Amino acid sequence: MADEYTAVKKGGLKFKGEKKKRKKKKQSALDAASAHTEQIELRHGAFWLVTTTDLLVGNMLVETASGGYLTAVDDGTVTTALPRPIDNDPDNMPEPQDIITMVKVSDTRVAFKTAFGRYITSAPDTGEVTAQTEAMGVRELWEPMMQGDGVIQFRSADKKYLCAMRPGDLAHATAESRDEPGVVFRVHSSASIETAKPKKRGDYEIVGGSLDNMEMSFTKKFQSFQNLCFKEGQTVKVSKEERRRLKEAKKAGKLHEELLNRRSKMKADKFCK
């Protein structure tokens, strides 16, 4: 009798129709993530090299060809700082003016916001690069162009490349070719490696199209929800001011500011109350 009991396979009670649960391999996934983190070389204990334009969001260090970082001074000038020792020491942090906040405007446009809360822009005629505007317009938008191995270039609204090389020299956007000296950069991000993933977001593009379409898409993006749920026969509420001011603002490179001003006068806009 004892032999019959020993022949039965031991285990928990099993009911008819019950499916076997598989154990999740949590630890192996954590080990893989930690191994991936260890392979990434950190700079100053927090910054890692960005290799795709999807991750150009948050606080960044823009390294020039000389090894110095692109820096913004409180008087609005943009220049190249002296190279710093490259190590993983958290005490060797860069200066606050060396840290630039990247604002991802669309899949093909970004904006540089300095530590003083101003945006980096390029002059339409001279190509002079400064950081004096407090609002984001067309001239504050830059097109990032990844070349591989972490090398990236930035092109202005005039299709000229951002150039900054020797420490102390002022940055400018006059280079017409991507092969000119000083137009290549490497961007280092301080965002969490585990959470720095591309996020889907609506387009913020206002560069192309007619003025009517620009204002309509701009209004739809920022107008309050109840006004977007309009019934048949109703339309989206847009500003009734003259289009002449939009044309003048577009020529002056201040279209975004003018759209913001028109939007702020709309009572239905909950973001500008």
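This report describes a predicted model of a protein chain, from its confidence and overall make-up to selected residues.

## Confidence

The protein chain has a mean pLDDT of 75, and 60% of its residues reach 70 or more. Confidence is highest in strand 12 (residues 161-163), with a mean of 95, and lowest in helix 4 (residues 225-228), where the mean is 44.

In two stretches the pLDDT is below 50. One covers residues 26-38, which have two contacts in the model beyond near neighbours in sequence. The other covers residues 224-234, with seven contacts of that kind.

## Overall make-up

Six helices and 14 strands are assigned in the protein chain. Of its 273 residues, 37% are buried. The accessible surface comes to about 17400 Å², and carbon and sulfur atoms account for 52% of that area.

Contacts across the sequence were also counted. Among those between residues at least 6 apart in sequence, 56% join residues at least 24 apart.

## Surroundings of T79

T79 is part of strand 5 (residues 78-80). Its relative accessible area is 12%, and because the cut-off for buried is under 20%, T79 counts as buried.

Leaving out residues up to four places away in sequence, T79 touches Y69, L70, T71 and V73, and also G168, D169, L170 and A171. With G168 there is a polar contact as well: the T79 side chain reaches the backbone oxygen of G168 at 3.4 Å. D169, one of the residues touched by T79, also takes part in a salt bridge with R166.

## Salt bridges

Side chains of opposite charge can pair when their charged atoms come close. The structure holds five salt bridges, and three of them are described here.

E143 and R155 meet through their side chains at 3.0 Å, N to O. The pair links distant parts of the chain, with E143 in strand 10 (residues 143-148) and R155 in strand 11 (residues 151-155), twelve residues apart. Both E143 and R155 are buried.

The side chains of K160 and E176 form a salt bridge at 3.9 Å, N to O. This pair also links distant parts of the chain: K160 is in the loop between strand 11 and strand 12, E176 is in the loop between strand 13 (172-175) and strand 14 (185-189), and the two are 16 residues apart. K160 is partly exposed, at 24% relative accessibility, whereas E176 is exposed, with a relative accessible area of 60%.

In the salt bridge between R166 and D169, the side chains meet at 2.9 Å, N to O. R166 has a relative accessible area of 52% and is therefore exposed. D169, at 32% relative accessibility, counts as partly exposed.

## Positive phi in two loops

D149 is a residue other than glycine with a positive phi, near 60°. D149 lies in the loop between strand 10 and strand 11. With a relative accessible area of 69%, D149 is exposed. The strands on either side of this loop are those that hold E143 and R155.

K159 is not a glycine either, and has a positive phi of about 65°. K159 is found in the loop between strand 11 and strand 12, the loop that also holds K160 of the salt bridge with E176. K159 is partly exposed, with a relative accessible area of 45%.

How values were computed:
Residues are numbered from 1 along each chain as its sequence is written. This is a predicted model: local features need pLDDT of at least 70, side-chain atom pairs count only at pLDDT 80 or more; totals for chains, interfaces and linings use all residues. Side-chain values use heavy atoms; hydrogens and water are left out. pLDDT is the predictor's confidence in each residue, from 0 to 100. Helices (H or I, at least four residues) and strands (E, at least two) are DSSP runs, numbered from the N terminus. Contact means heavy atoms within 4.5 Å. Buried means under 20% relative accessible area, exposed over 50%, partly exposed in between (1.4 Å probe, protein chains only). A polar contact is a pair of N or O atoms within 3.5 Å; within protein, one must be able to donate a hydrogen and the other to accept it, and residues adjacent in sequence count only if both atoms are side-chain atoms. Accessible areas come from the Shrake-Rupley method with a 1.4 Å probe; for residues, only the protein chains shown count as cover. A salt bridge is a side-chain nitrogen of Lys or Arg within 4 Å of a carboxyl oxygen of Asp or Glu.
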